[in-house]
Each structure stands twice: as C-alpha cells, then as structure tokens.
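Biologist: I am new to this structure and would be grateful for a close look at a single part of it. Could you please describe what makes up the largest nonpolar core?

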Amino acid sequence: MLEKLFKLKENNTDVRTEVLAGITTFMTMAYILAVNPSILAAAGMDQGAVFTATALASFIGTLLMAFLANYPFALAPGMGLNAYFAYTVVLGMEYKWEVALTAVFVEGIIFIILSLTNVREAIFNAIPLNLKAAVSVGIGLFIAFIGLQNANIVISGATLVELFSVEGYNLANGTAASFNDVGITVMKPYAGGRLFDEQRSPFGVPLTPVQCIHYCLTRPAVASVLAGYDTPEHVEQAVAYETAGEAEKDYASVLARAPRHTFGQGECTYCGHCRPCPVHIDIAMVNKYYDLASMQAEVPASVRAHYEALEHHADECVGCRACESRCPFGVKIADRMAEAVRLFQLAPFFA
Ligand code: SF4
Ligand code: SF4
C-alpha cells in the first residue's frame, strides 16, 4: 500500500529508509515544540495554546505535504520569523500580538496569491544560491544567539554579545550597590535560629545553615554574611559552606516543597529564579519593594525612592507571563506587577 501511495521504488527508496528518515527529521525538528511556545509567550501569547497549535499545524502541514505533493518534507512553524514577531514587532515596536498576528494572516493571503500567480517562484528563482544558503545560516545563528542570551551566557551590552561577568550581571540587573563596588553584609542569616526549627520556621521545614547562607550570598550585591554562633559546632556548620556542593546549597527546592510558609505559595521569596524578563524588569526587587510598601499604611518614602531608582518598573510589564513558569513559588508575577503599578502609582510619572 505504501509503495502504491508514495511510489517508493520509482523514487529509488524503501519503507525502512523512509521510516528512519522520518524519525531523524522528527528528532531534528522536535525542538520547535518547545522553542516556538517559549518565544511567542514572550509576546504575551498563551504558552499551552501555542504548543497545541504548533503540534497541530505541523501535523496537518506534514500530512498535506506527504499526500498531496508526495514530498518527504516535514513542515513546522518557521524559527526566525517567530523571534522577529515576538522580539521586534511586539516587544520592540510595541504592537499587540493580536495586531501582529493579523499582519501574519494578511501575509499568508498575499503568499497564496503570489503562489497561484507563479510570482513566488519567480522571486525564489531570482535569489542567488549563496544568498539562500546565507539566510538559513543567519536564522540559525540568530536563534542560537537568543538561546545564549536567555541562558545568560552572553548578556546585554552595547553589542549585545558581552560574555557573562559579575559586573555585567549587576549592570543588567540594575544593582546599583555592587555596580558602585559597594558590598552588602547580611546580618542574621538564620533569623535567630528560627529557620533551623521545623516548628518555629515560617516555612514548616527546616533549612540548613549552608542553605541559609547560600540564600543570602546569592542576593544581588551581597558580599558577606555575619552568621551567629554559640558553639564550635555552629562555626563548623557555617564554614561548611565553603566546601558544600550545589545540592547542599539548594534552598529553593526545599522551600518550594514546604507545607507552609510566611510567604505562602504565591508569595515572592526574592530568589530571582524567574529571570530573565524580556523587558529587563528586576522582578525580585519590584516584588520586594512592593511587599515592603504594602505592609505599611502609606508607601514609605525610602521604599518609594528605592523603587523609583530601579532601571525598569512594573508599568513596563507586557504581561507575557514567561517568568511565571520559572517561579518555584507560583507567584502570579504579571498580576503582582499590575498591583505594584497601582501601589506606587508610577504611571503618571512616566506618562
Ligand atoms: S515581569 Fe511582566 S514582562 Fe517581565 S517576564 Fe514577567 S510577565 Fe513578562
Ligand atoms: S517571583 Fe518567584 S522566582 Fe521570581 S523572585 Fe519571586 S519567588 Fe523567586
């Protein structure tokens, strides 16, 4: 039946070759299922819906290519245009994703007309072969570049290709203190010992001295920690930080599984795991100032001053929710940004 359907012998191939080629093609393209929703989520689209649409569009497109054209080509959403859509048109030019999607729809109609009138083929034939090859390589490099930026291996700078450095990190995160070579010393990293005790800890789970110290030392601009002690054993427990591995230092997964905590699920612990934000909001710091301010009857002047000194503010949030999937505490970050805008009422200052 397959022979009849796809004329395998005539095309100098067999079922085994085609099955192997199909699996290889799927493995090569499967990354699109993860990357496309993640890129379009940065534009504010629903990640789950985009995932489903990506899978369905690829499935239908590939079936049509097989049964109508009898070509062994798998079709899927193009990587490159989606990045242009999200980062340039939506985030850069500030069009809503619905408007940008309408432009894509119109583009599709124009493409159909060009195809039916053979203009598309004429344009395609007019492009020199070396330029066609260069476009594929360029798109590949562009996607790799976005990946390196998202992984913070290269960071924003004048050329957008600066390698990660502590100074660069602090600059990118607006951490004025360490940018000015000011180091912060944290006092009471164990909260007076409460954090070691399951009963007294606000989280309902004990943390180790190493985890408490690591939490403090991973805050922006924190250079040192002053840990209290009563006995030589306490000193040894603190010094153990120097030789501890990543698993021993990991406080986030312990807190994420905690049965209760003062912050509660949905409250920010300022851990910074939600980075990066496409519009460079320092989410942890905005949340921190929001929490500090919302505990008071009025926003304290010092908290407002710190908030206003941030390079990017909550009113710049585009509501993409890309950060929320990275938050181990289930914080509704986009909603929190909207609340911060209301609390600090910054909109009039930036209008
Ligand atoms: S803070 Fe706003 S703009 Fe930044 S990643 Fe989160 S939802 Fe998107
Ligand atoms: S929003 Fe979540 S991931 Fe981001 S700093 Fe707060 S707790 Fe951490």
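Modeller: The following account describes that core, then the surroundings of the ligand. The model is a predicted one.

The largest nonpolar core has 36 residues, and those that touch the most other members are Ala43, Ala86, Ile283 and Val286. Five elements are listed as giving two or more residues to this core: helix H3 (31–41), helix H5 (81–92), helix H15 (283–294), helix H16 (301–309) and helix H17. Of these, H15 makes the largest contribution, namely six residues. Because residues of the core come both from domain 1 (31–125) and from domain 4 (263–351), the core lies between these two domains.

Ile283 deserves a further word. When its neighbours within four places in sequence are left aside, Ile283 is in contact with Cys274, Cys277, Cys323 and Ile333. Apart from the largest core lies another one, of eleven residues, which include Tyr190, Tyr215, Cys216 and Ala227.

Two of the contacts of Ile283, Cys277 and Cys323, lead to ligand 1. There are 15 residues around ligand 1, and Cys277, Cys317, Cys320, Cys323 and Ala334 come nearest. Helix H17 (residues 333–344) supplies the largest share of this shell, three residues; H17 is also among the elements that give two or more residues to the largest core. By character, the shell around ligand 1 consists of 13 nonpolar residues, one polar residue and one charged residue.

Terms used. Residues numbered from 1 in each chain as written. Chains lettered and ligands numbered in written order. Predicted model: local features only at pLDDT ≥ 70, side-chain atom pairs only at ≥ 80, totals over all residues. Near = placed C-beta within 6 Å. Helix = DSSP H or I, 4+ residues; strand = E, 2+ residues; numbered from the N terminus. Nonpolar A, V, L, I, M, F, W, Y, C, P; charged D, E, K, R; others polar. Core = buried A, V, L, I, M, F, W, Y, C linked by C-beta atoms within 7 Å. Buried ≥ 20, exposed ≤ 12 C-beta atoms within 10 Å, placed from the backbone. Domains from an automatic or database assignment. Contact = placed C-beta atoms within 7 Å.
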